[in-house]
Amino acid sequence: MSDFTADDHRYMARALRLAERGLYSTDPNPRVGCVIVGGGRVVGEGFHARAGEAHAEVHALAAAGAAARGATAYVTLEPCAHHGRTPPCADALLAAGIARVVYACGDPNPRVCGAGVGRLAAAGVVVESGLLAGPAAALNAGFFSRLRRGRPWLRVKLGASLDGRTALANGSSRWITSAAARADVQRLRARSSAILSGAASVVRDDARLTVRDAALELRGRLPLRVILDPGLVLRPAARLFQEPGPVLVLTGSVDAPARAALEAAGAEVVVLGGGARDLRAVLALLAERGVNELLVEAGPRLAGSFLGAGLVDEFVLYLAPHLLGHDGAPLAVLPTLDDLRDRWEFIYHDVRRVGPDLRLTLVPVPREVA
């Protein structure tokens, strides 16, 4: 690995901040930023805003113009070398006369991995990698997960009281957490490729599962709403179908009239061979459809099923400062344990106040599978 200077770190940090500006809009592409430095100053910068539009390097080169010749390009992801909806960025960097390329981490796309930097190096460009690789990979955890593991990065979101209850015994759950926490959830929804819930929760709450913060820069992209509906109990009159944006219903039912009714309401209905309860098959299907980040907003049974199957990558818990009592609904329905060594463990990744509530972001500790 190269000995990077303080300036190198500063310019790559700037490229990462630019990449974050595509947080809500680049799916299924990665979030990428680029800074071009010549003569000790920034001469151009850019970020990828939306799939099908110019990549970060192209925007930065356009801003730099002739000043790009002999300059250094700092890119948060390896420049592409293939023709997709846009031409290869490696070729654009070469044509502009870039002398040095520093990139944070490699691209897991097999059409790119190593090809972009290989083309640059073969043409005499100095290529260096690994600068701020951790933050760059974290920004695109879903993109890396989809291409490397064949499934989305899975984030489970729940709101609960201090005693870990997500609803009263009678099912009432509006509102456990504060308005500030609910507004914060909109950002989680907006950055997600898809939002998944179970049919029982959607029916009970008449949930819409939409992004309701107009200030977030979705640039026309609406997250896919995915409903696991084993028995096709959803009804066409649900508010879910009265909101803009795609709805995918996954089921094991072959009830043709119920399926036709949901399709007439605007849903796409897919019958899975293993049924909607085959969670690994669900994730594989969503990965095939370009889903990078999946947000699960579901009841305790479905949340517990994902946790129990070891499929949760991140757990976001909004904890409200009140008690609901021992007979309320739990966070997750999990198998009964006889030994504390078998407990589900987490690492605190981030803890912060959101209004009167706490937002805990936790990463599960891998469990041994018998």
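**Exercise 1. Locate L132, then describe its backbone and exposure.**

In which loop does L132 lie?

Solution. Start with the ground rules. This is a predicted model: local features need pLDDT of at least 70, side-chain atom pairs count only at pLDDT 80 or more, and totals for chains, interfaces and linings use all residues. Residues are numbered from 1 along each chain as its sequence is written, and side-chain values use heavy atoms, with hydrogens and water left out.

Step 1. L132 sits in the loop between β5 and α5 (133-139). Helices (H or I, at least four residues) and strands (E, at least two) are DSSP runs, numbered from the N terminus.

Step 2. Check phi. L132 is not a glycine, yet its phi is positive, about 55 degrees. Most residues other than glycine have a negative phi.

Step 3. Check exposure. L132 counts as partly exposed, at 25% relative accessibility. Buried means under 20% relative accessible area, exposed over 50%, and partly exposed in between (1.4 Å probe, protein chains only).

**Exercise 2. Do the same for L209, then find the cis peptide bond.**

Solution. Step 1. L209 lies in the loop between α8 (199-205) and β9 (224-228).

Step 2. Its phi is positive too, near 60 degrees. L209 is buried, with a relative accessible area of 5%.

Step 3. The cis peptide bond joins D27 and P28, with omega at about 0 degrees. P28 is in the loop between α1 and β1.

**Exercise 3. Lay out the five-stranded sheet and place α1 on it.**

Solution. Step 1. Write the order: β2-β1-β3-β4-β5, an open sheet with mixed pairing. Two strands pair if DSSP finds at least two bridges between them.

Step 2. Find the edges. β2 (41-47) and β5 (126-129) each have a single partner strand, so one side of each is left without a neighbour in the sheet.

Step 3. Add the twist. Neighbouring strands are turned by 15 degrees against each other on average, direction ignored.

Step 4. Zoom in on one pair. β4 (residues 100-105) runs parallel to β5, joined by four bridges. V101 stands opposite V127 in β5.

Step 5. Place the helix. α1 (residues 6-19) lies across β1 (33-38), β2, β3 (72-77) and β4, and runs at about 145 degrees to β1. Axes are lines fitted to C-alpha atoms, for helices over the stretch in contact, and angles run from 0 to 180 degrees between N-to-C directions.

**Exercise 4. Describe how α3 packs on α4.**

Solution. Step 1. The axes of α3 (residues 89-96) and α4 (residues 115-122) come within 9 Å and cross at roughly 20 degrees. That makes α3 roughly parallel to α4, a term for angles under 35 degrees (over 145 is roughly antiparallel, 65 to 115 roughly perpendicular, the rest oblique).

Step 2. List the contacts (heavy atoms within 4.5 Å). A90, D91, L93 and L94 in α3 meet G116, R119 and L120 in α4.

Step 3. Sort them. The contact residues divide into four nonpolar, one polar and two charged. Ala, Val, Leu, Ile, Met, Phe, Trp, Tyr, Cys and Pro count as nonpolar, Asp, Glu, Lys and Arg as charged, and the others, Gly among them, as polar.

**Exercise 5. Find the neighbours and side-chain directions of β12.**

Solution. Step 1. β6 (residues 153-160) pairs with β12 in the parallel sense over four bridges. R155 stands opposite L295.

Step 2. β8 (residues 194-198) also runs parallel to β12, through three bridges. There A194 has L294 as its bridge partner.

Step 3. From β12 (residues 293-296), E293 and L295 point one way, L294 and V296 the other, and all are buried. In a regular strand the side chains alternate between the two faces of the sheet.
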